[in-house]
Amino acid sequence: MSKRDELIEKYAADIKDKFGETPNMDLLKKVTIGLGPSIYNMDASKVSGSDDKELQTVKNNFLIKKLGLKDSPQLMDAIKSVTDKYGSSVKSKHRAVVYYMLAKHFKKESVYK
């Protein structure tokens, strides 16, 4: 099993454990591949739910640029919702899981088709 496949399995387990959902493995794989080599970097592969600068980066680079959403308060509300559901006990959340959940939240899975 490749390192990427191992990470995808880890992300899938987080989605099951933290969100109580069975992940769409095809979408999860595409989101993970979309993150490129950053998934192998300990810092870049994580999202800190308590770092406002980091959350702004998720909003600007993923929700607005990648998913094509218009800037609005709902974007940050969705990010906070996902990070809250992930759990405050998990300080560094997997970026691929956060992006996957946000793509599903905004029904933007088609971006990865």
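A residue is called buried when its relative accessible area is under 20%, exposed when the value is over 50%, and partly exposed in between. By this cut-off Glu54, with a relative accessible area of 17%, is buried in the predicted model, and Arg95, at 9% relative accessibility, counts as buried as well. The side chains of Glu54 and Arg95 meet in a salt bridge, with a distance of 2.5 Å from N to O. This pair links distant parts of the chain, since Glu54 belongs to helix H3 and Arg95 to helix H5, 41 residues apart.

The structure holds four salt bridges, among them two further pairs described here. Asp52 and Lys80 bring their side chains together in a salt bridge of 3.7 Å, taken from N to O. Asp52 lies in helix H3 (residues 52-66) and Lys80 in helix H4 (residues 73-86), so the pair ties together parts that are 28 residues apart in sequence. Asp52 is exposed, with a relative accessible area of 53%, whereas Lys80, with 32%, is partly exposed.

A salt bridge is also formed within helix H2, where Asp26 pairs with Lys30 and the closest N and O atoms are 3.3 Å apart. Because the two residues are four places apart in this helix, about one helical turn separates Asp26 from Lys30. Both partners count as partly exposed, Asp26 at 45% relative accessibility and Lys30 at 29%.

Helix H2 spans residues 25-34, and its buried residues include Leu27, Leu28, Val31 and Thr32. These residues cover an arc of only 135° around the axis, which means that they lie on the same side of H2. The cover over the buried residues of H2 includes H1 and helix H5 (95-105). At the N-terminal end, H2 is capped by Asn24, a side-chain oxygen of which lies 3.0 Å from the backbone nitrogen of Asp26. Just after H2, Gly36 takes a positive phi of about 60°.

Side chains of opposite charge can pair when their charged atoms come close. Asp14, a residue of helix H1 (residues 3-19), is buried yet has no salt bridge, and the nearest side chain of opposite charge, that of Lys18, is 5.5 Å away. The side chain of Asp14 does, however, make a polar contact with the side chain of Tyr86, at 2.4 Å. When residues up to four places away in sequence are not counted, Asp14 touches Phe19, Tyr86, His94 and Val97.

Notes: Residues numbered from 1 in each chain as written. Predicted model: local features only at pLDDT ≥ 70, side-chain atom pairs only at ≥ 80, totals over all residues. Heavy atoms only, no water. Buried < 20%, exposed > 50% of the residue type's maximum accessible area, 1.4 Å probe, protein only. Lys, Arg positive; Asp, Glu negative; His and termini not counted. Polar contact = N/O pair within 3.5 Å; in protein donor to acceptor, adjacent residues only side chain to side chain. Contact = heavy atoms within 4.5 Å. Arc of directions from axis to C-beta.
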